[in-house]
Amino acid sequence: SSKIRNLEVQSAHNVAVLEDCIDFCLAKPTEKIEEKLRKGGLPDCLDEDIPHVVNEVETEAQIRFLKAKLRVMQKELDSIVCEYRKKDDENKDLKSRLKDTEEENTRLRRTISMQHSQTEKYKILSQEASKKSEGLKQEVTALEKVLQ
């Protein structure tokens, strides 16, 4: 994303250079705008960068300058829209994964509950079997005494 943004700003350099002006050059205002773009933000009011330029530059140069600025802003907007779409797709994917995970969690909780109740059932059966076994051992011992 930052590589694309840098390429976009570099391509805008070629458009915004106005070296054919005799008394005035837009290099400083252009550099100022591009520097703000490189830092990651757009100026709050782009027009505040050029009020003194309007009176000093011929109409054609103004139009070229504003078109260059528009191209840079359009490329930045395209980049933001692309990033938004990627984030939106990622968000949808994460929501889908969350739903699947919650369903899996519910299924596993049911399984754990069933296994817990089976464990309790088998624990009770084991205790009953132990009591029965103990009773049979006592009976065997009593029968052995009778036989002796």
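1. Let me start with arginine 107: at a relative accessible area of 40%, this residue counts as partly exposed. Its salt-bridge partner is glutamate 104, and the closest N and O atoms of the two are 2.5 Å apart. Glutamate 104 is also partly exposed, with a relative accessible area of 35%. Both residues belong to helix α4 and lie three residues apart, about one turn of the helix. Bear in mind throughout that this is a predicted model, so none of these distances comes from an experiment on my side of the desk.2. How many salt bridges are there in total? The count comes to two. The other one joins the side chains of lysine 92 and aspartate 88, at 3.5 Å from N to O. These two residues are four apart in helix α4 (residues 59-147), which puts about one helical turn between them. Lysine 92 is exposed, at 51% relative accessible area. That value falls just on the exposed side, given that exposed means over 50%. Aspartate 88, at 24% relative accessibility, is partly exposed.

3. Next, the aromatic side chains. The charged end of lysine 121 sits over the ring of tyrosine 122, 5.9 Å from the ring centre. For a charge to be counted as over a ring, the cut-off is within 6 Å of the centre. As for aromatic pairs, the structure holds zero.

4. On to helix α4 as a whole. What span should its 89 residues have? At 1.5 Å a residue, the expected figure is 132 Å. The end C-alpha atoms are 128 Å apart, and this agrees with the expectation.

5. Which residues of α4 are buried? They are Ala61, Gln62, Phe65, Ala68, Lys69, Val72, Glu76 and Ser79. Note that a lysine and a glutamate, Lys69 and Glu76, are among them.

6. Stepping back to the overall architecture, the protein has four helices and zero strands. Along the sequence this reads α-α-α-α.

7. Burial and surface deserve a line too. Of the 148 residues in the protein, 18% are buried. The exposed surface is about 12200 Å², and carbon and sulfur atoms supply 54% of that area.

8. Last, the contacts. Take those between residues at least 6 apart in sequence: 65% of them join residues at least 24 apart.

Technical notes:
Residues numbered from 1 in each chain as written. Predicted model: local features only at pLDDT ≥ 70, side-chain atom pairs only at ≥ 80, totals over all residues. Heavy atoms only, no water. Buried < 20%, exposed > 50% of the residue type's maximum accessible area, 1.4 Å probe, protein only. Contact = heavy atoms within 4.5 Å. Areas by Shrake-Rupley, 256 points an atom, 1.4 Å probe, with all protein chains shown as cover. Phe/Tyr/Trp six-rings, centres within 6.5 Å; stacked < 30°, edge-to-face > 60°. Lys NZ or Arg CZ within 6 Å of the ring centre and 35° of its normal. Salt bridge = Lys/Arg side-chain N within 4 Å of Asp/Glu carboxyl O. Expected span 1.5 Å × (residues − 1).
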